[in-house]
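Me: I should like to go through the terms used for this structure and the grounds for each of them. Please set each value against its criterion.

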Amino acid sequence: MMKDMQKPERSKSIFRFAAPQMFYPLAGRLAPWFAGVAAILAAVGLWLGFFVAPTDAVQGDVYRVIYIHVAAAWMSMFVYMVMAFWSFVGLVMNTRLSFIMSQALAPTGAMFCFVALWTGSLWGKPTWGAYWVWDARLTSQLLLLFLYLGFMALTRAIEDPRRADKAGAIIALVGAVNVPIIYFSVKWWNTLHQGASVSLNKAPSMATTMLTGMLVMAFAAWAYTIAVTLWRVRSLILERERHTEWVAAELNALEGKI
Amino acid sequence: MSRALGPFAAVLGRDLLLAWRGRADVLVTLAFFVVVVCLFPFGVGAEPNQLRAIAPGVLWVAALLSTLLSLHRLFAQDHADGTLEQLLLTPEPTVLWVVAKICAHWIATGLPLLIVAPGLALLFDVEQGALGVLVLSLALGTPILALLGAVGAALTLGLRGGGMLLALLVLPLFVPVLIFGAGAVDAYLSGSGAQAHLLLLGGGLLGSLALAPLACAAALRIAVE
């Protein structure tokens with residue numbers, strides 16, 4: 001890829017999409033496809049999860065929340081990593097689109113974080129008898145939500161977009177360095193204090209349909225995240241580049257359509 | 001060696017002198033710490049066993065909050081009167097004087113907490129042998145809070161509502177320090193020994209001393225740009 005960049009015919013290189021003007025139409029073309037894939041996968045996954053998969057012998061039908069919960073929890077953690085990655089790329093390469101990307105990802109990550117916590121507590125009430133226990137996973141998920149909120153609050157509070165981009169990137173990276181430290185400290189805190197009353201670590205032996213449903217839902221969450229992020233990137237690009245000619249032309253064309 | 005330490009000592013001395021001349025600010029931070037700690041018995045009741053059980057956590061949370069409250073002063077004044085820009089323009093390495101400023105800040109706000117904490121612990125009837133561990137955990141932990149908080153303070157420099165934003169940014173990062181700091185005292189009291197917690201705090205201090213000033217220097221450059 002790095003070789004491609006040095007070639008004289010730059011317009012062929014994949015890096016031409018690093019320019020917001022080039023990425024805008026690409027994102028517009030790709031987003032509906034990912035949205036469609038997300039809708040189909042979610043429909044299949046929910047059908048598998050709620051109608052095909054057998055009822056759990058121990059937990060009854062309550063367990064079915066995992067079809068939403070697990071996908072949301074995975075995504076919330078993964079999105080933070082991707083956000084930190086784009087922040088790093090932005091700081092190193094000084095590319096505007098990278099910062100826009102990480103800011104477009106944050107609300108979706110925070111949403112999945114919240115969904116994971118919410119569905120988890122709905123599952124916890126009938127299973128553990130409490131909406132919340134100070135388990136290591138729950139606690140670090142909660143702190144991850146705070147990290148997302150801090151990132152979004154900081155980037156929205158700074159008016160100058162250049163400063164907002166870089167400040168947000170620094171806090172995203174500081175957060176990424178701290179996430180493992182937070183996770184392990186919370187884990188040790190819990191085990192040092194009291195024997196965990198409920199163990200989440202034991203992987204339940206799972207029927208194949210259950211696992212399939214969960215994986216399909218995870219892929220649906222992926223496709224949804226990509227689609228929503230691309231649409232959000234488009235809005236952010238329009239907002240940032242509103243003084244340029246191509247955005248004016250684009251907006252005129254849109255108005256003509258309506 | 002002395003050439004590298006020259007600007008470090010100069011900034012450290014200047015900030016300490018400024019802190020000394022504005023003693024009232026430092027005392028307010030300390031008074032806040034004392035008042036917050038004294039509020040807890042009113043909230044949870046004065047039952048001695050319960051107070052003994054929550055003492056390490058209460059002292060640590062109060063230390064954390066008073067550190068947080070003093071953080072915005074770290075760069076705000078220098079930012080307002082232009083000193084910060086002049087410091088950034090000097091050829092001296094930014095990281096060097098950033099560390100000096102954080103050191104001075106900790107000496108002015110963190111060190112008094114260490115001195116007062118054992119006395120407050122006695123109000124909660126903490127066993128006297130644990131006081132040393134408490135002071136040691138605060139001595140290792142509060143500099144980490146200052147170092148991490150400095151990054152947040154630099155990022156939120158000059159923003160509207162910067163104080164609340166600063167809290168939202170740095171409080172999640174403070175959690176490990178709180179866990180190991182309060183945990184050290186708990187571990188000592190339960191008889192399992194505080195060594196593991198104190199070693200982890202020491203490691204955290206070294207790690208944040210190595211990394212946080214770099215992030216802080218970058219954040220300051222962004223803020224002043």
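Me: How many helices and how many strands are there in chain A?

Reply: This is a predicted model. Chain A has 8 helices and 0 strands, and its pattern along the sequence reads α-α-α-α-α-α-α-α.

Me: Why are helix 6 of chain B and helix 7 of chain B called roughly antiparallel?

Reply: Helix 6 (residues 94–123) of chain B and helix 7 (residues 129–155) of chain B pack at an angle of about 150°, with their axes 9 Å apart. Angles over 145 degrees count as roughly antiparallel; the two helices are therefore roughly antiparallel to each other. The crossing of helix 6 of chain B with helix 7 of chain B is right-handed.

Me: Which residues make that contact, and how do they divide into nonpolar, polar and charged?

Reply: From helix 6 of chain B the contributors include B:Ile102, B:Trp106, B:Gly110 and B:Leu113; from helix 7 of chain B they include B:Leu131, B:Val135, B:Thr142 and B:Ala146. The residues of this contact divide into 16 nonpolar, 3 polar and no charged. Gly counts as polar, and B:Gly110 is one of the residues of the contact.

Me: What makes helix 4 of chain A and helix 7 of chain A oblique to each other?

Reply: Helix 4 (residues 96–128) of chain A packs against helix 7 (residues 208–240) of chain A at about 130°, with the axes 8 Å apart. Roughly perpendicular covers 65 to 115 degrees and roughly antiparallel begins over 145. The angle of about 130° falls in neither class, and the pair is therefore oblique. This crossing, too, is right-handed.

Me: Which residues meet there, and how many of them are charged?

Reply: Among them, A:Ile100, A:Gln103 and A:Thr108 in helix 4 of chain A meet residues of helix 7 of chain A that include A:Val228, A:Arg232 and A:Arg240. The contact divides into 8 nonpolar, 4 polar and 2 charged. Arg counts as charged, and A:Arg232 and A:Arg240 belong to this contact.

Me: What share of chain A counts as buried?

Reply: Of its 258 residues, 36% count as buried. The criterion is 20 or more other C-beta atoms within 10 Å of the residue's own.

Me: How many residues of chain B are in contact with chain A, and which element of chain B gives the most?

Reply: 20 residues of chain B are in contact with 22 residues of chain A. Helix 7, helix 8 (162–190) and helix 9 (195–224) of chain B each give two or more residues to this side, and helix 8 of chain B gives the most, with 10 residues. The side of chain B that touches chain A divides into 17 nonpolar, 2 polar and 1 charged.

Definitions and conventions:
Residues are numbered from 1 along each chain as its sequence is written. Chains are lettered from A and ligands numbered from 1 in the order in which they are written. This is a predicted model: local features need pLDDT of at least 70, side-chain atom pairs count only at pLDDT 80 or more; totals for chains, interfaces and linings use all residues. Axes are lines fitted to C-alpha atoms, for helices over the stretch in contact, and angles run from 0 to 180 degrees between N-to-C directions. Helices (H or I, at least four residues) and strands (E, at least two) are DSSP runs, numbered from the N terminus. Angles under 35 degrees count as roughly parallel, over 145 as roughly antiparallel, 65 to 115 as roughly perpendicular and the rest as oblique. A crossing is left-handed if the near helix is turned anticlockwise from the far one by less than a right angle, and right-handed if clockwise. Two residues are in contact if their C-beta atoms, placed from the backbone, lie within 7 Å. A residue is buried if 20 or more other C-beta atoms lie within 10 Å of its own, exposed if 12 or fewer, and partly exposed in between; C-beta atoms are placed from the backbone.
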